[in-house]
Amino acid sequence: MHIKMPDAVSMIINKLLGAGYEAYSVGGCVRDALLSRTPYDWDITTSATPDQIKRIFPRTVDTGIKHGTVTVLVRSESFEVTTYRIDGKYKDGRHPESVSFTASLTEDLLRRDFTINAMAYNDESGLVDPYGGEEDLASGTIRCVGDPIARFGEDALRMLRAIRFAACLSFVIEENTMSAIKRLAPSIKVVSSERICAELNKLLISDHPELISLLYDTGLANTIMPRLVPLFESGTAGKLLSSLSGSVPDKTVRWSVLTHFTGGAHEIMRGLRFDNKTTDSVCLLTTHSSESYNDISRSDLKKTMAKLGTELLPAWFDFLDALYGKGFSTSLRKTSNDIMEAKECFLMSSLALSGKDILSLGCPKGIAVGEVLSALLDRVTEDPSLNTPDRLTPIAGELIGNINKNQQSE
Ligand code: ATP
Ligand code: MG
């Protein structure tokens, strides 16, 4: 068994070995390498303590030193090097309340959540796999290391991680692991929103977003996404699941599809502590979900483009395609491309007259300026050829004249 590790990882491991310690790549990176997937990052586990690690490498950062993690910097890359440890209970939800270091790799692997995540590798010893991870990888099985009830009792997030890995890897959750999730589902309530969000997000942008159905099957939905429940109880979840699996694997698109069906986009996104940008994008998309966009006029499309902003347009098209079928947005995409290529104005900032120009034409200061600009934008949206200073100035003059007349008569 040989795994090709990045040079920097081999270098770190070899330096630790050379200093007389044990060291392996471990966890997700070993799992992904064995599956011929590109690991997201390479973690290293070692018998060296944080102080010993820091003595060996010139550039380090104390990322989680209490929990035994030192980040080693190699050129512009960084790698987490963690001392073999045994975890206590996970209290703050991210790190175990107490950890103790151990000299045994097997004990370190024992604290890990699933057998497929509990393997270590280096070139000297090859694969270290005391809990049958390789076999579970081959059969596509998510199985707890040890007794599932005990493991989920230590850290309830693992229940959601099991579903997330099933969705990311197209694996099946082993029976005992599954029934433990069903039994302990309510205990997910002690886990922080940030941790839940990270796992839900990975589940949703995976190859199998439809496995969100497992949240209902296991009872986790009751606590972490109660709005899913009525969809399943009323037998209308099918459309949600097929829309999700037919959609592009994009965070904004998938969350928009999900919250289109559940309702409550804002409540859900805020509750999960999503960043403002993603939350705003999802809320905007879910309020632009009508099937009648199919035969919208060119000028109405421009108004919608102004509301959504050009950056969000590709996600909007993907979102509509997910809801109404591939190809639904084809003509919308084409028309919006035309509009952009012809540089037709649909934003106030692209009007041939600016707020300053409007003021110098005698418009009173304040909200009137915005009103004039907005009226000009409406005219230009209908007739792009109006968007020159020459043609807009008389129209603006007339609008300003009306405003001044109205103010005098008040
Ligand atoms: P990803 O590819 O999404 O990063 P990963 O398996 O690397 O997946 P991480 O959250 O990066 O997941 O964790 C790295 C490793 O740490 C896991 O493979 C697992 O061995 C261990 N681990 C992470 N979270 C837990 C947890 N909650 N309980 C037990 N072990 C965990
Ligand atoms: Mg990882």
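**Domains and the ligand site**

In this predicted model, the domain assignment splits the chain into domain 1 (1-139), domain 2 (144-274), domain 3 (291-341) and domain 4 (348-409). Let's start at the C-terminal end of that list: the centres of domain 3 and domain 4, taken over C-alpha atoms, lie 28 Å apart.

Now turn to ligand 1, which sits in the largest pocket. Which domains contribute to the shell around ligand 1? Domain 1 (1-139) and domain 2 (144-274) each provide at least three of its residues. In terms of secondary structure, at least two shell residues come from each of α2 (28-34), α7 (157-169) and α9 (193-204). Of the elements around the ligand, α7 gives the most, with 4 residues.

What is the shell made of? In total, 17 residues surround ligand 1, and the closest are Arg-31, Asn-117, Asp-155, Arg-158 and Arg-164. By character, the shell holds 12 charged residues, alongside 3 polar and 2 nonpolar ones.

Let's step in to the individual contacts. Asn-117 takes part through its backbone, with an N or O atom 2.9 Å from an oxygen atom of ligand 1. Arg-158 uses its side chain instead: an N or O atom there is 2.7 Å from a nitrogen atom of the ligand. Lys-202 also brings in its side chain, placing a polar atom 3.1 Å from an oxygen atom of ligand 1. How much of ligand 1 does the protein bury? Taken alone, the ligand exposes 580 Å², and the protein buries 82% of that.

Key. Residues are numbered from 1 along each chain as its sequence is written. Chains are lettered from A and ligands numbered from 1 in the order in which they are written. This is a predicted model: local features need pLDDT of at least 70, side-chain atom pairs count only at pLDDT 80 or more; totals for chains, interfaces and linings use all residues. Side-chain values use heavy atoms; hydrogens and water are left out. A residue is near a molecule or strand if one of its heavy atoms lies within 4 Å of it. A polar contact is a pair of N or O atoms within 3.5 Å; within protein, one must be able to donate a hydrogen and the other to accept it, and residues adjacent in sequence count only if both atoms are side-chain atoms. Accessible areas come from the Shrake-Rupley method with a 1.4 Å probe; for residues, only the protein chains shown count as cover. On a 1 Å grid over the protein atoms alone, a cavity is a set of points where a 1.4 Å probe fits but cannot get out, and a pocket is an open set with protein on both sides within 12 Å along at least five of seven lines; lining residues have an atom within 4 Å of a point. A molecule sits in a cavity or pocket if more than half of its atoms lie within 2 Å of its grid points. Ala, Val, Leu, Ile, Met, Phe, Trp, Tyr, Cys and Pro count as nonpolar, Asp, Glu, Lys and Arg as charged, and the others, Gly among them, as polar. Domain bounds come from an automatic or database domain assignment.
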